[in-house]
Amino acid sequence: MSSSPNPAARGSRLALLVVGLCWLAVLFDGLDMFIYGSVLPHLLETKTFGLTPDTAGDLGSYATFGMLIGALTAGTIADRIGRKKLMVGCVVLFSLASGVCAIADSVTVFGLGRTLAGVGLGGLLPTAISMVSDYAPRGRAAIVIGMLMTAHHAGGILSAYVAKWLIDPVGWRAAFWVCVLPLLFAPVLAKFLPESLSFLVAKGRTEEAGALAARYDVELPAAKSGRKTAADRWDALANLFRGGEWIQTLLYWLASFGGLLLVYGVATWLPTLMRAEGYALANALTFVVVFNLGGIVGMLVAGRAADRFGAPRISAVWFALTAAGVYLLSVHMSTGVTMIVVFLTGVFLNSAQTMIYATVSIRSDAGNRATAVGWTSGMGRFGAVFGPWLGGQLLAAGHGDWGFTAFALAGLSSMVFIGIAALRSAKQTPRTADQELVAAH
């Protein structure tokens, strides 16, 4: 009997290592992303820095603007320095940026910290998805990526508990000091996370890639020939507007704008808006936990529903249900009923946007698919910037009761746009790998 480990077991062990490390990195990403919304009710009630609702909305948009920059530049930087180094750099950046928030003595310094954190947050998630895609066992990439995406919502749950446990006894700054702790995880990531095999092969470091693949008995990716030039990429973008495609493209972009406005607007303002509806702060933070639990469930069930009924149909239905749930939150109900509504809203809201990417991917030509999904995601990021700002403006104008209504209207608009786009498209192309869809989130 051979004493060498089973090759499949060794490959699975490497996949487990990579997914485990990336899961923790994305957990910290989610913690840092959601912590601002979790401490925001306290900041407003104590008028920290003289904070007003409109200023608070601006601060929320700073982080999402930073995420836009991070997401747009991550691919280029990763191609130069490697995915592993970029992931480590992103963790270091958003951890140190949280330290800036913790010691901030003015809105300006706090805003700088949130912007820098956003850059790191925006760059980490797509890079982590690329990493786990490289090392996922054959035929298991979709499941592995789905598991990774749950970490972001687990971070949101953790942020609510950090706020509940620390704000009253210690103060809001302690919550941001907790977000500095991932800095201790960066050396672990640097030591144990292997470099992307695809990156090593693309850079001609085939001996290093081969040694790593042989060590864990995983398949070495083939070198890609005919790498796209800048002209090729611009031509792929132009194809999205040729003929009648421009209408379809704009519909997808508008749907994505409304979807991410809804996602990040609710993520930033949920506790504050629930406080405005008369719920105690402890209950308002519990809603964050329940909302993100719904997000985890939604990520696990949306793909199966789309496979059965079609991504365009699920996307439209999911946004309609999200809009109904968000609107109901503006009605003061019993705590138990509200918990159920918050949970179901989390189920549909957090996966509705992913279904937009699925729809775009299904309806796009294979050669243009990555460009179509990437630009749909990029345009949607402007909605992510606008959502937190909009919530702040409504509260500042004394129309906090309109906050949930405005976000519900955003969900309805996305339902309409993605529905029209699906009806207009007569083209049916095969479904693509799930990592293309989720990586754009």
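Here are a few friendly questions and answers about the nonpolar cores and aromatic rings of this predicted model.

User: Which helix gives the most to the largest nonpolar core?

Analyst: Let's begin with the core itself, which has 130 residues. Cys22 and Phe407 have the most contacts inside it. With 18 residues, the top contributor to this core is helix H1 (residues 7-45).

User: Leaving aside neighbours within four places in sequence, what is Cys22 in contact with?

Analyst: Contact here means heavy atoms within 4.5 Å. Once neighbours within four places in sequence are set aside, the partners of Cys22 are Met87, Ala128, Met131, Val132, Leu148 and Leu193.

User: How many aromatic pairs are found, and how far apart in the chain are Phe28 and Phe185?

Analyst: A search of the whole structure gives 14 aromatic pairs. Phe28 and Phe185 form one that is edge-to-face, 5.5 Å centre to centre with 65° between the planes. Both of these residues are buried. Phe28 belongs to helix H1 and Phe185 to helix H7 (residues 185-192), so this pair links distant parts of the chain, and the separation is 157 residues.

User: Why is the pair of Tyr279 and Phe287 called stacked, tilted or edge-to-face?

Analyst: The ring centres of Tyr279 and Phe287 are 5.2 Å apart. Planes over 60 degrees apart count as edge-to-face. Because the planes of Tyr279 and Phe287 stand at 90°, their pair is edge-to-face.

User: Is Tyr279 buried or exposed?

Analyst: Buried means under 20% relative accessible area. Tyr279 has 3% relative accessibility, so Tyr279 counts as buried.

Methods: Residues numbered from 1 in each chain as written. Predicted model: local features only at pLDDT ≥ 70, side-chain atom pairs only at ≥ 80, totals over all residues. Heavy atoms only, no water. Core = buried A, V, L, I, M, F, W, Y, C linked by side-chain atoms within 4.5 Å. Buried < 20%, exposed > 50% of the residue type's maximum accessible area, 1.4 Å probe, protein only. Helix = DSSP H or I, 4+ residues; strand = E, 2+ residues; numbered from the N terminus. Phe/Tyr/Trp six-rings, centres within 6.5 Å; stacked < 30°, edge-to-face > 60°.
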